[in-house]
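Here is a short briefing on one protein model. Keep the structure open while reading.

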Amino acid sequence: MSLLAQLRGVGALVGRNLRIARRRPDLLVQTMAVPVVVVGLASVIFGATDAWPVAVVDRADSPASHRVVAAIEDVSGATGPYFRVVETDPARAGRLVEDGRLHLVVTIPAEFDTSRTLETTTFNINTDAMKNVRLRLSAAANAVDAQADTDVRATIDKAKAQDVTRTAFMGASAVILALLLGAALLSANVYAVETEHRTTKELALSPLGHHVAGVGAALTGWVLTWATAVPTALVALALGTRVDARQVLLAALVVAPASLAAAGVGVWVAARLRVHRAIQPTIILVAIGSYFASGGFVPVPGLPPLARALATWWPPSYVFEWANPVLHGFRDAPSAGALVAVGAAAALGVVLAARAAQRDLRRSHAQGQ
């Protein structure tokens, strides 16, 4: 069969698959919902507000101690104030921090004017948040020292003048997640329809060849994922993600072929697991894990050592690390090496889908399905 006939056959199969997907809105809804839920929960828990509740007990009640209180209330970063003073009574503050309702109690002792020492009590579960509590209190103390023109000052050179907020970073990454997850899950679901509805025999007997079913499913998932990612993109905009058209197009040079590769992997998974109830949780859980542990939630250098080690061989981490700097303006364009890598991955994904379908449909035909 000629190449043109093969292409026409693939196009016809993609058209049929799109009609099937239109009659199965459940397959589309879950693909839309997962990244929206992920970024929504992540933003509420980790990025909605940065003003951590603390207590400040001022036993000195002097001009110097008042400057400390003001510094704690005023110290802030790119995401807003660091602290929110919610308690000043020592007894209530002690109970709240012991119950884990406060991050920190700062006590300014009566002899502060001479000792220049602050007493702190923390709810000391060893987390990244508690490390930041100490760093933020140090920033407030440095602000007090600055008013007295004492101590050494440090300057920080930034790659960009304006910081990227956590919610903006997570939102952009969620769109990448939506495109990768959507391509894999939709392709897998479309291919699984062949198995569950027993239409594999017709495909096996067609003159197009077994492999066309896999290619058609992969291309269908790749086309549909651009539509199912729209809700996630809207949520990202609501969370403050701002990118211009040029940045989107340049990042798409990485994400578009990567999603085609993910579509091929989705067909490969479906050919082995064969039914929706096994396919869907497998792909969804792997995708969510990739978001949090492969550079979607925070960049790979900020991950714990084990996650960094895993990210060196886990392909989705490279998609996040190549696309996010372009989206947020830290790189002008993807590197040539990145484009070659994702282009090769896309080609391999299509081949993987074709070979997986070829083996699966031949096996099904031999079993009389």
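The points below cover a sheet, a helix pair and two backbone outliers.

This is a predicted model. Its open sheet has 4 strands with mixed pairing. Elsewhere, helices α9 and α11 cross at roughly 135 degrees. Asp61 and Arg116 each stand out by a positive phi: near 50 degrees for Asp61, about 55 degrees for Arg116.

**The sheet**

- The strand order is β4-β1-β5-β6.
- β4 (83-87) and β6 are the edge strands. Each has a single partner, so one side of each lacks a neighbour in the sheet.
- From one strand to the next, the twist averages 30 degrees.
- Strand β5 (residues 104-108) and β6 run antiparallel and are joined by 4 bridges.
- Thr107 has Glu119 of β6 as its bridge partner.
- Helix α3 packs on the sheet and touches β1, β4 and β5. The direction of α3 makes about 175 degrees with that of β1. Angles over 145 degrees count as roughly antiparallel.

**The α9/α11 pair**

- Two packed helices are described by the angle and the distance between their axes.
- Helix α9 covers residues 211-228, and helix α11 covers residues 245-273. Their axes come within 8 Å.
- The two helices are therefore oblique to each other. The crossing of α9 and α11 is right-handed.
- From α9, the contact uses Gly214, Ala217, Ala218, Leu219, Trp222 and Trp226.
- From α11, the contact uses Ala256, Ser259, Leu260, Ala263, Gly264 and Val267.
- By class, the contact of α9 with α11 has 9 nonpolar residues, 3 polar ones and no charged ones.

**Positive phi outside glycine**

- Where is Asp61 found? Asp61 lies in the loop between β1 (52-58) and α3 (63-74).
- Asp61 is not a glycine, yet its phi is positive, near 50 degrees.
- Asp61 has a relative accessible area of 56%, so this residue counts as exposed.
- Arg116 sits in the loop between α5 (112-115) and β6 (119-122).
- Arg116 is likewise not a glycine, and its phi is about 55 degrees.
- The relative accessible area of Arg116 is 43%, so this residue counts as partly exposed.

**To check on screen**

- Which strands stand at the edges of the sheet? They are β4 and β6.
- How many charged residues does the α9 contact with α11 have? The contact has no charged residues.

Conventions. Residues are numbered from 1 along each chain as its sequence is written. This is a predicted model: local features need pLDDT of at least 70, side-chain atom pairs count only at pLDDT 80 or more; totals for chains, interfaces and linings use all residues. Side-chain values use heavy atoms; hydrogens and water are left out. Axes are lines fitted to C-alpha atoms, for helices over the stretch in contact, and angles run from 0 to 180 degrees between N-to-C directions. Angles under 35 degrees count as roughly parallel, over 145 as roughly antiparallel, 65 to 115 as roughly perpendicular and the rest as oblique. A crossing is left-handed if the near helix is turned anticlockwise from the far one by less than a right angle, and right-handed if clockwise. Contact means heavy atoms within 4.5 Å. Ala, Val, Leu, Ile, Met, Phe, Trp, Tyr, Cys and Pro count as nonpolar, Asp, Glu, Lys and Arg as charged, and the others, Gly among them, as polar. Buried means under 20% relative accessible area, exposed over 50%, partly exposed in between (1.4 Å probe, protein chains only). Two strands pair if DSSP finds at least two bridges between them.
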